[in-house]
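Reader: I should like to understand one part of this structure closely, rather than everything at once. Please choose a region, describe how its pieces fit together, and explain each technical term as it arises.

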Amino acid sequence: MTRDWLPIKTTPLTLGLLLFAILLLLQATALPQRLDYWLYDAQITTHPAPLDDDVVVIAIDEISLDRLGRWPWSRDTHARLIEKLDKAGAETIVFDILFPEPSGEDPELAAAMEQHGKVVLPLYLSPPSRNYLISEQLPTSDLAAAASALGHAHVELDKDGLARGLYLLNGLGDHLWPSLALAASEHQEGAYKTTGDDSHPAFMNVRQHYRAIPMAGGAGTLPTYSYVQVLSAPPAPGLFEGKTVFVGATAPGFGDILPTPFSGLNRPMPGVEFHANSYSALVNGELIKPLPTTLSLAIAVSTIAMLALLLPRMRPTRTLCLCIAVIAALIIGHMGLLLGARLWLPISHAVLMPLFAFPVSSALRLAMTNRFLNRQLDDLARGPQVALPEPSRRHPTQLLEHFQALLQPQGWWLSEGKEVHSARQLTESDIPPLEQGRWIHTDNQSWISLRRSGRDYTLGLLLPNDLSREAIQRYLRRLTLDSEGKGLKPEKPRENISARIERVRLATDRMNNIQQFIRRSFERMPDGIIVTDELGVIRFANGHIEEWFQEPMPSLSGLPLARLLEGHDPRETPPWHETVSETLTMNQSRTVDLHIRNKDFLIHFAPFALPESQQNGIIANISDISELREQQRQHREAIDFISHDVRSPLVSQLALIEQLKRNPGHIEPAQLEQLGRLARRSYHLAEEFVQLARAEQLTETRFYECEFLAIVENARDSVSEQAAEKGIQLILQGTEDLWLRGNAELLERAVINLLTNAVQYSPRGSTVNIQVFLAGHQACLTVSDEGSGIAPEELPHLFDRYRRQKSSELSGNHGTGLGLSFVNVVVEKHRGEIAVFSEVGEGSAFTLKLPVANPLEHS
């Protein structure tokens with residue numbers, strides 16, 4: 001049974017819906033986001049951002065902690081550092097150190113900050129304790145007042161735990177603080193304004209302008225100097241001059257550390273270096289702006305639409321290439337935006353769609369292939385059986401019916417036990433002692449005892465008492481009619497295989513049998529084929545039989561061949577049943593004429609025996625010889641034509657010559673004119689006969705390019721003298737060159753025939769119009785005259801050879817009946833058409849249509 005419970009086809013709609021469902025499922029997972037992070041990290045680490053030369057880091061490292069003591073240090077220490085950097089010419093000093101608690105040394109630090117003028121301090125947004133709302137943790141009031149700017153020190157960790165960016169603006173309510181990097185670059189701060197007009201509650205944490213930071217490298221990439229070394233020794237000249245100095249902790253276990261794409265969790269980056277990298281990227285215009293997620297989804301949907309439209313129309317190998325090309329194009333576009341335009345477009349959804357599209361489309365194709373194979377298996381199971389049904393499995397009633405159709409016995413007997421089912425000219429007293437399954441022949445009687453389904457039957461036949469009796473009895477002995485308990489059971493598979501594989505095996509065996517049967521029995525037999533069993537019952541017939549006999553295939557199977565032939569071509573001598581039975585009983589071939597629906601056939605009966613089997617039957621080969629019979633008819637007509645039309649003027653010429661020979665001194669011009677007219681008629685008849693034969697043998701190998709208008713002009717010139725004698729005008733309309741492939745000589749002869757007919761059957765002083773034009777891809781010619789026209793009953797036979805119009809013969813215009821037949825043959829050989837329109841008393845119009853050659857070749 002075919003499993004078509006899921007009728008999915010590889011169509012744009014089904015593939016698109018499946019991919020869209022996968023897209024929705026991916027939205028509920030972290031896979032797309034992780035893939036986006038991986039693509040970003042791979043490109044950022046492969047192409048690090050350029051480092052600004054004016055950025056340095058002063059690190060509170062282990063050496064500084066060892067020499068300056070435990071943290072926190074006194075604030076006058078930071079004041080001395082500011083003084084040192086001020087003397088060294090530092091442009092801006094950014095502390096990544098929080099000063100939330102007041103100290104007695106705040107005035108000294110504030111004074112140093114004010115003296116320098118560009119010191120940026122950090123703030124932090126956090127709840128003071130666990131049960132409180134988030135609040136701003138600012139430096140002390142003195143230090144905040146002395147600082148040139150305050151900036152938040154928050155860095156965003158993505159869902160995978162890595163720091164890739166930060167919000168340039170962050171704060172509570174409507175008061176947003178710039179990041180340390182943005183606060184340090186005062187000229188950049190104006191480019192990032194707060195967005196939105198709605199006011200926010202004072203306790204709400206508001207963040208705006210997220211930017212990804214393309215770092216210059218891992219930890220330690222930036223120029224870094226130890227805090228204690230800068231504090232204890234005078235800086236080298238120009239070391240800090242005009243530079244932005246970030247001061248923060250780098251010692252392990254001290255200060256904030258951030259895992260980045262460069263380090264992962266193995267070697268985290270100190271927060272001060274992260275802020276220094278963000279400042280470097282900011283002043284160099286390298287900050288990366290993430291694009292909206294909706295744009296990413298829109299690209300994914302567009303990718304789905306493109307794949308759904310293209311994949312079902314492509315081969316599997318090209319499908320894989322397309323999916324790889326789409327992925328490559330997306331990644332290249334992602335790189336171009338990220339490295340060139342500094343835009344981060346998440347493409348994971350779009351990249352995953354081709355990865356899923358290929359297996360999904362392949363699975364749909366496999367499902368369609370599986371359903372196709374199942375249907376093919378079912379069709380094979382329902383196909384015609386090559387093995388012939390054994391007579392031993394047929395009911396005795398059916399056997400008697402088949403014997404009656406095949407052998408036409410004079411009498412019969414069929415009984416079941418004491419019950420008589422059918423009897424004619426045989427009685428119970430005629431039954432001899434019988435052995436089950438074995439024929440007993442006494443004179444012209446043949447008897448057999450059969451057992452079917454536990455019941456005993458007696459079958460007898462009264463055969464004709466002639467020479468065929470012995471052949472029939474020998475034939476009956478060969479028949480195996482009794483197989484009670486001998487039937488072959490199908491062999492069960494010895495291996496534990498699936499039902500489908502078993503079906504494939506059985507179907508393959510049957511196909512092999514069919515192929516073997518066709519190779520041995522029907523090889524190179526293009527005619528109608530009928531195969532019967534040993535009782536003359538049809539078991540196979542091809543499509544020609546169904547078409548010619550107009551019998552549906554189901555009714556042919558199981559029908560006795562003799563009845564089929566008798567129903568369509570009844571005959572008495574010899575009867576069909578005799579021909580069929582003699583083929584089987586005498587094992588001899590027969591060939592008989594057959595006439596069905598006004599068509600002539602030749603049927604050849606050939607006995608056969610199946611290989612490796614005792615089964616035999618008849619192969620009836622039916623050949624359609626209607627065309628051959630038509631050729632024979634044309635041959636007879638040609639002989640009649642030659643014997644009458646050609647001989648008649650020749651006999652007249654000979655008689656006239658004999659007359660002139662008897663009286664050579666009195667030759668009159670009229671006699672010479674008559675002799676010339678007869679000679680021209682003989683030549684004209686022979687010429688038309690030869691031209692028709694040439695046209696019938698024309699093939700496309702003799703075609704070449706020719707111009708149709710020139711052909712028509714030459715034909716007109718050939719007929720112009722004949723037209724002038726009757727005062728008939730030949731008007732040619734057409735100026736366009738029409739090129740076609742054909743035989744110009746025969747085409748010109750065909751046009752001459754049309755023009756000659758038009759002139760011949762037109763009255764004096766009339767006009768014959770000739771039109772040459774292009775209609776679509778056909779070159780057309782119309783020849784119209786003003787003659788008497790053609791009777792409607794003569795139109796269907798107008799192009800028949802040796803056919804003459806009655807009206808023409810009565811009017812004295814004698815023809816050969818070959819002219820229009822020649823035209824028709826030439827047009828057919830050129831794959832063209834010819835049509836006639838005629839009205840009695842109004843004239844006739846012949847139209848030829850011939851295919852033109854390729855117009856590009858002559859453009």
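Author: Two strands are said to pair if DSSP finds at least two bridges between them. Helices (H or I, at least four residues) and strands (E, at least two) are themselves DSSP runs, numbered from the N terminus. The model is a predicted one, in which local features need pLDDT of at least 70 and side-chain atom pairs count only at pLDDT 80 or more, while totals for chains, interfaces and linings use all residues. Residues are numbered from 1 along each chain as its sequence is written, and side-chain values use heavy atoms, with hydrogens and water left out.

The chain as a whole provides the setting. It contains 26 helices and 32 strands, and 45% of its 859 residues are buried (buried means under 20% relative accessible area, exposed over 50%, partly exposed in between, with a 1.4 Å probe and protein chains only). Of the contacts in the chain with a separation of 6 or more, 71% are between residues 24 or more positions apart (a contact means heavy atoms within 4.5 Å).

The region chosen for the close look is an open sheet. Its 5 strands follow the order β17-β16-β20-β19-β18, and their pairing is antiparallel. At the edges stand β17 (419-424) and β18 (440-442), each of which pairs on one side only. On average, neighbouring strands here are turned by 10° against each other, direction ignored.

Let us begin with β16 and β17. These strands are antiparallel and share 5 bridges, and L414 stands opposite S422 in β17. Together β16 and β17 make a hairpin with 2 residues between them, and G417 in that turn has a positive phi of about 65°.

Further along the sheet, strand β19 (residues 445-452) is joined to strand β20 (residues 455-462) by 8 bridges in the antiparallel sense. W447 has G460 as its bridge partner in β20. The loop between β19 and β20 holds S453, which is not a glycine and yet has a positive phi of about 55°. S453 is exposed, because its relative accessibility is 73%. A similar description applies to the loop between β18 and β19, where D443 lies. The phi of D443 is near 55°, a positive value in a residue other than glycine, and D443 counts as exposed because its relative accessible area is 63%. These values deserve notice because most residues other than glycine have a negative phi.

The sheet also has a helix lying across it. Helix α14 (residues 396-407) crosses β16 (411-416), β17, β19 and β20, and runs at about 10° to β20 (axes are lines fitted to C-alpha atoms, for helices over the stretch in contact, and angles run from 0 to 180 degrees between N-to-C directions).

Helix α14 has a further partner. With helix α20 (residues 576-585) it packs at an angle of about 105°, the axes being 7 Å apart. The two helices, α14 and α20, are therefore roughly perpendicular (angles under 35 degrees count as roughly parallel, over 145 as roughly antiparallel, 65 to 115 as roughly perpendicular and the rest as oblique). A405, L406 and L407 of α14 meet H577, V580, S581, L584 and T585 of α20 in this contact. Its residues divide into 5 nonpolar, 3 polar and no charged (Ala, Val, Leu, Ile, Met, Phe, Trp, Tyr, Cys and Pro count as nonpolar, Asp, Glu, Lys and Arg as charged, and the others, Gly among them, as polar). P574 lies in the loop between α19 (561-568) and α20, and a cis peptide bond with omega of about -15° joins T573 to P574.

For contrast, consider strand β2 (residues 92-95). It runs parallel to strand β3 (residues 119-126), with 2 bridges between them, and V94 stands opposite V120 in β3. It also runs parallel to strand β11 (residues 244-249), with 4 bridges, and T92 stands opposite T244 in β11. Both faces of β2 are covered, since T92 and V94 on one side and I93 and F95 on the other are all buried.
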